[in-house]
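Reader: I am in my first year, and I would like to go through this structure slowly, asking how each term is earned. Could we begin with what the strands contribute, and then turn to the empty spaces?

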Amino acid sequence: MAEAQIVLSHSRESGIVAIASGEQYPWAHTALAECGFQRDDDGVWHLPAGGTQTTVVDLVTCAKRHRASVHTSSRRFIGDAARDLARLLPGQWHASVEVYAHPAWQEDLVPWIWDSGELGRVVRSERIPYAAVLTDAEQGTTLLFVERPGRHLGYLVGAFSSEGLEGGYGDPHAPRGIVLPPFPGRAAQALTDRYLPAYEQAVHARQTAAIAGVLGDIRSEYDTWQAMNASGCYSDATPLNTAALGASTELFLDHAWHRFLTVVDHAPTLLDRCRPATSPWPDDAAALSRLAGAVIAAEALLDEIVHGGAVPDYERRARAWPAIETWLTDGEAFLRQARLSAPHRCPALPVTAPARPLAAARPAYRSH
């Protein structure tokens, strides 16, 4: 394959559009510019209305001079396909195009893709010069929408990692992306009925597991600290002096606070879903109330640290520990309630849904 390629497709609004890619993609950019194409903010090239009457033959001839090859896609422009799909999804979805002109830029996707199926494999092993991103601002959901490689029809869709959660391809909690047909209505139905509920359940499970892991880590360190404090010795039986004991206490409290921020991030959403009265453990309601109060106190402390100026370390430790201790005490009640309250969303499809712009939460990909 040539080191610079131009893929032409047809857009309902813009007519012929072009996307350049390859390790020497600037060569293709030069050819497109010479033929009168103009590039938009997404990195897609268009022939402006009333511009020069460039033909495909003209572009092919010019591209050859700049050592670029020209290919015509049998599919409609991916931006049109993504926008048609976004308008039919429940909620407020926005569609945008991303161009990964240089192959290395595609590698930036790998840590962000949260998928255990075909999409995750394709992103890692197949060339994807462009894609569309679908974002639901209200729910905080971001999906990657790509043409299915090796097929003349169909698309693949899957999720990016939810904000605040790590874990890309291969994460055991990751949902499995699905294949979408080329028909917007059927594609929207598949996403709504199958993928989005599975995605929400996966996020819920991942958040619950993250909190369980944090509480386990803090509890383990707490037990070690308690044993050391009670014995007055390190684990190797070396005696602890007063200064060393104080330093170990501060270190433990600092580690616990930084880990506890994961609880502060994810617990509010999960607590809202818990319904202890309808569970086998209705008495958990009191524990959940204490846990919610602890999160509120920790959020207030965090807000003061971030926006209210410096909070002395000794004050932060003293204020954070009661919240952390509450979660160590009542955390099991939360975990069993959270595991029981996984969402089962399956909303009805609206006829249309207005798109709303959203600033990308992920690092902007280069398209120049």
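Author: The model is a predicted one, and a good place to start is the second largest pocket, whose lining takes at least two residues from each of β1 (5–11), β5 (69–76) and β9 (141–147). Among these strands, β5 supplies the largest share of that lining, five residues.

Reader: What is the volume of the second largest pocket, and which residues are the closest to its centre?

Author: Its volume is about 670 Å³. It is lined by 26 residues, and the closest to the centre are Val7, Arg127, Pro129, Tyr130 and Glu147. Sorted by class, the lining holds nine nonpolar, nine polar and eight charged residues.

Reader: What makes β9 mostly covered?

Author: A residue is called buried when its relative accessible area is under 20%, and in β9 seven of its seven residues are buried, so the strand is described as mostly covered.

Reader: How do you know that both faces of β9 are covered?

Author: In a regular strand the side chains alternate between the two faces of the sheet. On one side of β9 stand Thr141, Leu143, Phe145 and Glu147, on the other Thr142, Leu144 and Val146, and all of them are buried.

Reader: Why is β9 said to pair with strand β8, and what is the bridge partner of Ala132?

Author: Two strands pair if there are at least two bridges between them, and five bridges join β8 (residues 130–136) to β9, so these antiparallel strands meet the rule. The partner of Ala132 is Phe145 in β9. In the hairpin of β8 and β9, four residues lie between the strands, and Gly140 has a positive phi near 75°.

Reader: How many bridges are there between β9 and strand β10?

Author: There are five, and β9 and β10 (residues 155–160) pair in the antiparallel sense; Val146 stands opposite Leu156 in β10.

Reader: Why is the largest cavity called a cavity and not a pocket?

Author: A cavity is a space where a 1.4 Å probe fits but cannot get out, whereas a pocket is open, so the name rests on that enclosure. The largest cavity has a volume of about 60 Å³, and α3 (78–88) and α6 (184–231) each give two or more residues to its lining. The most come from α3, with three residues.

Reader: What makes the lining of the second largest cavity free of charged residues?

Author: Asp, Glu, Lys and Arg count as charged, and the lining consists of Leu8, Ile16, Phe37, Leu47, Thr54, Thr55, Val56 and Leu59, so by class there are six nonpolar, two polar and no charged residues.

Methods:
Residues are numbered from 1 along each chain as its sequence is written. This is a predicted model: local features need pLDDT of at least 70, side-chain atom pairs count only at pLDDT 80 or more; totals for chains, interfaces and linings use all residues. Side-chain values use heavy atoms; hydrogens and water are left out. On a 1 Å grid over the protein atoms alone, a cavity is a set of points where a 1.4 Å probe fits but cannot get out, and a pocket is an open set with protein on both sides within 12 Å along at least five of seven lines; lining residues have an atom within 4 Å of a point. Grid points are joined across faces, edges and corners, and a volume is the space filled by probe spheres set on the points. Buried means under 20% relative accessible area, exposed over 50%, partly exposed in between (1.4 Å probe, protein chains only).
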